Amino acid sequence: MTMLSDVISGEIPGRPVPFVDADNKVFYDGCARGELWLQRCVETHKFQFYPRPCSVFTGGPVEWVKSSGRGTVHTFTVIRRNYPEPYLESLTPYVVAIIEVAEGVRMMSNVTGCAPEDIIIGMAVAVYFSCVDENLRLFLPFWRPAG
Amino acid sequence: MPGARTPVIVGVALSDYPKAPHLTSHGHHAQALQRVLEDSGLQTNDVDGYMSVGTGGMNVDDLATMSEYFQIKHRWSEGTQTGGAAYMGFVDHAKTVIESGICDTVLMTYGSDLRSNKRRSLAPKTVDGYVESPRCYETPYGPTILGNYALAARRHMHEFGTTLEQLAEIAVSTRQHAANNPFALNREKLTIADVVSAPRVADPLGKWDACVVTDGGAALIMTTQERARDLKQKPIYILGSASAQTHWNIGQMPDYTTTAAAISGPRAFAQAGISPHDIDTAQLYDSFTITVMLLLEGLGFCKRGEGGAFVQDGKLRPGGSLPTNTDGGGLSSCHPGMRGVFTLIEAVTQLRGQAGIRQVPNAKLAVACGSGGILSCISTLVLGKDQP
């Protein structure tokens, strides 16, 4: 049984990294501090992901709120072959999952720190952050089984 | 009520497939154009509307480039890029344009050298190693195309108890149709055991749950019923047409087991005044086995979650009660990047009664359904052999 190591987080040569822009700077600045920040519609108080400067519910303004960083696995796949870029070869098998964050939004990420066979839909996971570009101090959220 | 300006499909053609190293992407457009003019009896000068997504396998060239390439003197053109749903969307839009009198004759062309052009890549679009919003929230995690569909398949299995064998039936029925198409890429026998025992590519899906990668092109011409009287082919009627979108990136899919087919399907059937049970043959975008199952459910052939039980009796196979993807589909025959137009052309071919040994006997009503993005944009056409 292969353990999904945290090697998929961290800086990996060849991995595309996010371009930080005006829409997502608060999000990635939060990641660098070890915090998951989400947007909430000012009028309806509903959360949204990904970041954008308007509410998907009303078109109106949004505000930033720090997330609990808790979630569950909504669905997942174990990537074993036919990866689109060479750098991914050494990482297989790896898990791509849709995480349902406690605040009600979903986001794609990797689940690490357990065997692929141990992952089930509904499993509780907790966010952690890993630096994917040391020069830029750019961190991304990843998830592992909640302790 | 049908009238002189009722839009009809009067020409369809395919370029060489599945392997055509002698054709560029533009060359596929050109060969399909020549063949659709021959098929319909029209000339390029008759065309006053043009629609194309360009030279897309997975890449996109300009509609304007293709208009230049063919020197089409269009009064109106459109290239809304909804991927595998684009050409069904085109028919929907062309219908309105022809009805309203903006154009009389609309040409659509598609072409891709995805298999033969070794420079093509499925790698994500990046600039100097950076990926921009909103793709930046997915690409760094290493998603793959099959993996994205596997997310939906896993959820379907979880919610409804759908089995890999039920999904495999879709690959098997499609392969049986491919055996009746001499051009299909894969025609050798495939069993459910073969499909479920093949190596997993992205759990829970394996090699035979995925479409083939081929070259291919297509063209289609629509005009008015009045103009069609002088043309070579019996016109095919567009009884219902609708498009809907739920998301574009897979991480944004609102419900991983419900597609926009649940919106565009019922709209198209309501326009046509028929129900899915009236359909003689279905041509449904089959990028992956799960795609077909979700489209069958969304269109209303069965209830949500019941796709597994619906397909497992073999009704999608040749001679079944709902022969589906009768040319061998994207799973076994031809998938050059955006398969939508091929499902449309197979539907027309069946309704014309020109499908040869794979002809569905007495086919009068067909549905063609395109899925673009990752189960994102779903356009549905209900087509008929007879004047409504």
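How many bridges join strand 4 of chain B to strand 8 of chain B, and do these strands run parallel or antiparallel? In this predicted model, 7 bridges link strand 4 to strand 8 (residues 216-224) of chain B, and the two strands run antiparallel. Within this pairing, B:Val106 of strand 4 has B:Met222 of strand 8 as its bridge partner.

Strand 4 of chain B is also paired with strand 2 (residues 49-51) of chain B, in this case through 3 bridges and in a parallel arrangement. Here B:Val106 stands opposite B:Gly49. B:Val106 is thus placed opposite B:Gly49 in strand 2 and is bridged to B:Met222 in strand 8.

The surroundings of strand 4 of chain B were examined next. The strand spans residues 106-112, and 7 of its 7 residues are buried, so strand 4 is largely enclosed by the rest of the structure. Both of its faces are covered. On one side, B:Val106, B:Met108, B:Tyr110 and B:Ser112 are buried, and on the other B:Leu107, B:Thr109 and B:Gly111 are buried as well.

At the level of the whole chain, chain B comprises 12 helices and 12 strands. Its radius of gyration is 19 Å, close to the 21 Å that the globule rule gives for 388 residues, so chain B is as compact as a globular protein of that length. Along the principal axes, the C-alpha atoms of chain B occupy a box of roughly 55 × 50 × 35 Å. Buried residues account for 59% of the 388 residues of chain B. Of the contacts in chain B between residues at least 6 apart in sequence, 79% connect residues at least 24 apart.

Terms used. Residues numbered from 1 in each chain as written. Chains lettered and ligands numbered in written order. Predicted model: local features only at pLDDT ≥ 70, side-chain atom pairs only at ≥ 80, totals over all residues. Buried ≥ 20, exposed ≤ 12 C-beta atoms within 10 Å, placed from the backbone. Helix = DSSP H or I, 4+ residues; strand = E, 2+ residues; numbered from the N terminus. Pairing = 2+ DSSP bridges. Rg over C-alpha atoms; globule rule 2.2 N^0.38 Å. Contact = placed C-beta atoms within 7 Å.
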